[in-house]
Amino acid sequence: MTIHPKKRLQGLDILRAIAIILVFMSHFGFITGFNPFWKFNDLGGQGVDLFFVLSGYLIGNQIFSITSKNESFNIKNFYLRRFLRTLPSYYFVIIIYFLIPKINERQLTVPIWKFFIFTMNYGLHGSGFSHAWSLCVEEHFYILFPLIFLPFLTRFNKKYCFYLLFSILFFSISLRIFSYFEFVGGIGKNYMKFIYYPTHTRLDGLVFGILTSFLRNYYKSLWFKLTQFKWSNLYFVFGVLGLFSAYTLWGVADFEMFNEIFNFTIVAMSCFLLVLSALSQHCFLYKIQIPMATKIATWSYAIYLTHKIFIYLTFKLFSSYFSSYNQSYLCVLFSIVISIAGGWLVYRFVELPFLKLRDIIAPIKSEKVASARE
């Protein structure tokens, strides 16, 4: 994969940009206590689930595009590319968090070694750089996915992959049911620790992302029908309605148990429809061009890593200069601009050099990619 691909899928870039925007809005209100985004600040969790579905699709496509042609998959090359893609920026930000504690939006309560070995999402109550929990989930996925699916594809018929995928989904839902009754108990105080953060309870989005890539590579005739569907804008419509329904249900007290167990599945299915719409040639999301969406998508990993720092610093340094409510929106604008600029700096001077190194020491044959991030 090259750093500057010849062809990009704009729809996926738009979805990635939307995901980081949702996460930013959610964390902004949490850090500053000021909510200029109406109800959208509560959609940060859905932004993370959208990231999971996108990762499941993009990483699955890397593997299935090769195995579906009965070609050998270079797992060593895969891991090397993954680690050079994700670890340098991640470790750089961890070191910044621990060396300069005054910039932390919240006190660090997790030891640094748990960040370094991607286990901080277990036993997490709350901490600075707490959003690293989702990066732990993704790293676990990168490591385990090839180890599970490559032998499975070698030994069994492709149709059994469906059984494996839905077994993983059933496994994750079952563990949420167990955790709810064993640890949360309807009170909700342990929900984040035992259901929201752990990898084993957050597999829904990854499963539906993998399912998308599996259909694309192993069931090409079905995939062609799905993506050439004349009314494929309906994928987008139903995806948005699904997300809205999940969000609406979340606020209903009578659905607490249902939400804490099944809401992730509804969101993952909805994000699956959004990704399908972005890959369908008759859908507006496939065709549309939005200024800056590709750049925001390219920088999204770096922005995700650093945005809490820049939100906190902006309000700490400048909020006193914006005394009125309307003036506070200028501080919001400052936070957005500085967070994007800060993410770009990490991308340009940390992430990009390692991407170039990656393409030198672990090149791949094909230049056709779905997104610059992967």
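**Exercise 1.** In this predicted model, find which backbone nitrogen a side-chain oxygen of Asn 74 reaches at the start of α3.

*Solution.* Begin at the start of α3 and follow the side chain of Asn 74, one of whose oxygens comes to within 3.3 Å of the backbone nitrogen of Lys 76. The cut-off for a polar contact is 3.5 Å between N or O atoms.

**Exercise 2.** Compare the expected span of helix α3 with the distance between its end C-alpha atoms, and locate its kink.

*Solution.* Helix α3 covers residues 75-99, and its 25 residues at 1.5 Å a residue should span 36 Å. The expected span takes one less than the number of residues. The end C-alpha atoms of α3 are 35 Å apart, which agrees with that expectation. Next, look along the helix axis, where a kink of about 35 degrees is found at Leu 87, shortly before the proline Pro 88.

**Exercise 3.** Repeat the analysis for α11, determining its span and the residue at which it bends.

*Solution.* The 23 residues of α11 should span 33 Å at 1.5 Å a residue, and the 32 Å between its end C-alpha atoms agrees with this. The axis of α11 nevertheless bends by about 55 degrees at Phe 262.

**Exercise 4.** Identify the residues of the nonpolar surface patch and state which helix gives the most to it.

*Solution.* The patch is formed by Ile 177, Phe 181, Val 252, Phe 255, Met 257, Phe 258 and Phe 262, which together have about 570 Å² of accessible area. Assigning these residues to elements shows that α6 (160-184) and α11 (256-278) each supply at least two, while α11 gives the most, with three. Val 252 instead lies in the loop between α10 (233-250) and α11, and its relative accessibility is 32%, so Val 252 counts as partly exposed.

Conventions: Residues are numbered from 1 along each chain as its sequence is written. This is a predicted model: local features need pLDDT of at least 70, side-chain atom pairs count only at pLDDT 80 or more; totals for chains, interfaces and linings use all residues. Side-chain values use heavy atoms; hydrogens and water are left out. Patches are made of residues with over 30% relative accessible area and no salt bridge: like charges are joined within 9 Å, nonpolar side chains (Val, Leu, Ile, Met, Phe, Trp, Tyr) within 5 Å. Accessible areas come from the Shrake-Rupley method with a 1.4 Å probe; for residues, only the protein chains shown count as cover. A salt bridge is a side-chain nitrogen of Lys or Arg within 4 Å of a carboxyl oxygen of Asp or Glu. Helices (H or I, at least four residues) and strands (E, at least two) are DSSP runs, numbered from the N terminus. Buried means under 20% relative accessible area, exposed over 50%, partly exposed in between (1.4 Å probe, protein chains only). The bend at a residue is the angle between axes fitted to the seven residues ending there and the seven starting there. A polar contact is a pair of N or O atoms within 3.5 Å; within protein, one must be able to donate a hydrogen and the other to accept it, and residues adjacent in sequence count only if both atoms are side-chain atoms.
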